[in-house]
Amino acid sequence: MTAPEVINGKNKVFEETFVSPFQRETEGDALRVLDAIRSDHPSFYGWVEFAGYAEQLPNGKWRAVRHHAKYE
């Protein structure tokens, strides 16, 4: 997945798929981590989310994943 170079006249300055290093016991717990990531990267500061979800790991635990980019 690649974010567009320009959105609403603003240029992309950073892009990543952030994978939380913290494993959680439940999907709900991982989604709360995702909400915290969203709070730390708000659209007010140019962040655009392209995908955000909780991913279940082979060990049965969960982690948050977010693909986002910053525009200025």
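Tutor: Two strands pair if DSSP finds at least two bridges between them; strands themselves are DSSP runs of E with at least two residues, helices are runs of H or I with at least four, and both are numbered from the N terminus. We're looking at a predicted model, where local features need pLDDT of at least 70 and side-chain atom pairs count only at pLDDT 80 or more, while totals for chains, interfaces and linings use all residues. Residues are numbered from 1 along each chain as its sequence is written, and side-chain values use heavy atoms, leaving out hydrogens and water.

Student: Okay, what is the order of the strands in the open sheet?

Tutor: The sheet has 4 strands, and their pairing is antiparallel. β1 (6-7) and β3 each have a single partner strand, so they stand at the edges, each with one side lacking a neighbour in the sheet. Reading across, the order is β1-β2-β4-β3.

Student: How many bridges join β3 to β4?

Tutor: β3 covers residues 47-56 and runs antiparallel to β4. One of the partnerships between them matches Val48 with Ala69 in β4. Altogether, the number of bridges joining β3 to β4 is 9.

Student: And which residue in the turn of that hairpin has a positive phi?

Tutor: β3 and β4 form the hairpin, with 5 residues between them. The phi in question is about 90°, and the residue that has it is Gly60.

Student: Which residue in β4 is the bridge partner of Val19?

Tutor: Look at β2 (residues 10-19), which runs antiparallel to β4 and is joined to it by 7 bridges. Tyr53 also has a bridge partner in β4, namely Val65. For Val19, the partner in β4 is likewise Val65.

Student: Is β4 mostly covered or mostly open, and how many of its residues are buried?

Tutor: Buried means under 20% relative accessible area, exposed means over 50%, and partly exposed lies in between (1.4 Å probe, protein chains only). Strand β4 spans residues 62-71 and is mostly covered. Of its 10 residues, the number buried is 8.

Student: What lies across β2, β3 and β4?

Tutor: It's an element made of residues 27-40, running at about 20° to β4. That angle is between N-to-C directions on a scale from 0 to 180 degrees, with axes fitted to C-alpha atoms and, for helices, over the stretch in contact. The element is helix α1.

Student: Is Leu34 buried or exposed, and what is its relative accessible area?

Tutor: Leu34 lies in helix α1. Leu34 touches Gly52, Tyr53, Ala64, Val65 and Arg66 (contact means heavy atoms within 4.5 Å), leaving aside residues up to four places away in sequence. It counts as buried, because its relative accessible area is 1%.

Student: How many aromatic pairs does a search of the whole structure find?

Tutor: Rings of Phe, Tyr and Trp (its six-membered ring) pair if their centres lie within 6.5 Å; planes under 30 degrees apart are stacked, over 60 edge-to-face, and the rest tilted. The search of the whole structure finds a total of 2.

Student: What is the centre to centre distance between Phe14 and Trp47?

Tutor: The pair links distant parts of the chain, with Phe14 in strand β2 and Trp47 in strand β3, 33 residues apart. Phe14 is partly exposed at 38% relative accessible area, whereas Trp47 is buried at 13%. Their planes are 80° apart, so they count as edge-to-face, and the centre to centre distance is 6.0 Å.
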